[in-house]
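User: Hi! Could you walk me through this model, one question at a time?

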Amino acid sequence: MVTTEARSARNSARVIGAAGVVTILLSAGAALLPLADRVPGANVVGSLLLAAGLVETLAGTQRHDSRTFAMLSGVVTAVAGLFLVLSPITHVFPTFYVIAAWLALRSLTLMAASTLCDGSVRTWTWLSAATDLGLALIILAGISIATLVIGLFGPTPEVVASFAWVLALSFVVNGTLLLEIASCLRAGDN
């Protein structure tokens with residue numbers, strides 16, 4: 001006989017696992033960002049962030065010990081996306097700053113969440129937090145280089161492509177974190 005608790009864990013694992021898959025699929029959209037030359041980049045990035053944030057928030061509702069921080073991480077992502085969608089920025093630098101701030105805030109919420117996790121979930125939460133913090137620092141360091149490149153040549157495909165890969169990498173690591181959480185829930189380890 002399956003207990004109510006086991007059924008609840010199985011349902012949570014399904015929701016979190018599906019969120020992980022959707023997040024990884026969104027990373028493909030981020031990787032294809034350089035191909036969206038006819039659509040304002042801020043709208044595309046904002047839409048991807050909004051979708052990823054909503055999915056992550058939903059997954060966070062299924063968490064137990066770190067529910068608040070897991071949901072907050074999703075809300076931070078959704079708010080960054082909503083900001084970009086509602087007030088698209090045509091100049092690339094403010095978008096860089098919004099993304100860097102999103103990555104840094106998300107990293108802080110994941111660090112806080114990791115203190116409430118155990119085992120491989122803690123490891124993957126720290127890896128996701130470190131990835132986002134590292135990407136935020138790379139973006140901030142790269143802004144001075146991008147300033148020169150864009151000032152001389154305009155927003156080149158290489159700059160857009162590197163930005164797209166930053167977003168895609170964050171989504172892949174987060175999606176993998178969600179898949180690990182789902183796996184641990186199925187195994188009864190979380």
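User: Is Leu133 buried, partly exposed or exposed, and at what relative accessible area?
Analyst: Happy to help, and please keep in mind that this is a predicted model, where local features need pLDDT of at least 70, side-chain atom pairs count only at pLDDT 80 or more, and totals for chains, interfaces and linings use all residues. Residues are numbered from 1 along each chain as its sequence is written, and side-chain values use heavy atoms, with hydrogens and water left out. Buried means under 20% relative accessible area, exposed over 50%, and partly exposed in between (1.4 Å probe, protein chains only). Leu133 therefore counts as partly exposed, its relative accessible area being 34%.

User: Which residues form the nonpolar patch on the surface, and how much accessible area do they have together?
Analyst: Patches are made of residues with over 30% relative accessible area and no salt bridge, where like charges are joined within 9 Å and nonpolar side chains (Val, Leu, Ile, Met, Phe, Trp, Tyr) within 5 Å. Areas come from the Shrake-Rupley method with a 1.4 Å probe, and for residues only the protein chains shown count as cover. Helix H5 (residues 119-153) gives the patch its largest share, three residues. The members are Tyr97, Leu133, Leu137 and Leu140, with a joint accessible area of about 390 Å².

User: How many salt bridges does the structure hold, and which residues do they join into one network?
Analyst: A salt bridge is a side-chain nitrogen of Lys or Arg within 4 Å of a carboxyl oxygen of Asp or Glu, and the structure holds two. In one, the closest N and O atoms of Arg106 and Glu56 are 2.9 Å apart; in the other, those of Asp132 and Arg106 are 2.4 Å apart. Asp132 lies in helix H5 and Arg106 in helix H4, so this pair ties together parts 26 residues apart in sequence. Through shared partners, the network joins Glu56, Arg106 and Asp132.

User: Why does Asp132 count as buried?
Analyst: Its partner Arg106 counts as buried because its relative accessibility is 1%. Asp132 counts as buried too, because its relative accessibility is 0%.

User: What does Ala80 touch, not counting residues up to four places away in sequence?
Analyst: Ala80 is found in helix H3 and is buried, with a relative accessible area of 8%. Its C-alpha is 7.0 Å from that of Gly46, although the two are 34 residues apart in sequence. With contact meaning heavy atoms within 4.5 Å, Ala80 touches Leu49, Val98 and Trp102.

User: How far apart are the end C-alpha atoms of helix H3?
Analyst: Helices (H or I, at least four residues) and strands (E, at least two) are DSSP runs, numbered from the N terminus. The expected span is 1.5 Å times one less than the number of residues. For the 20 residues of H3 (residues 67-86) that should be 28 Å, which agrees with the end C-alpha atoms being apart by 28 Å.

User: Where in the chain is confidence highest, and where is it lowest?
Analyst: pLDDT is the predictor's confidence in each residue, from 0 to 100. The chain averages 83, and 79% of the residues score at least 70. Its secondary structure comes to six helices and zero strands. Confidence is highest in H3, at a mean of 92, and lowest in H5, at 78.
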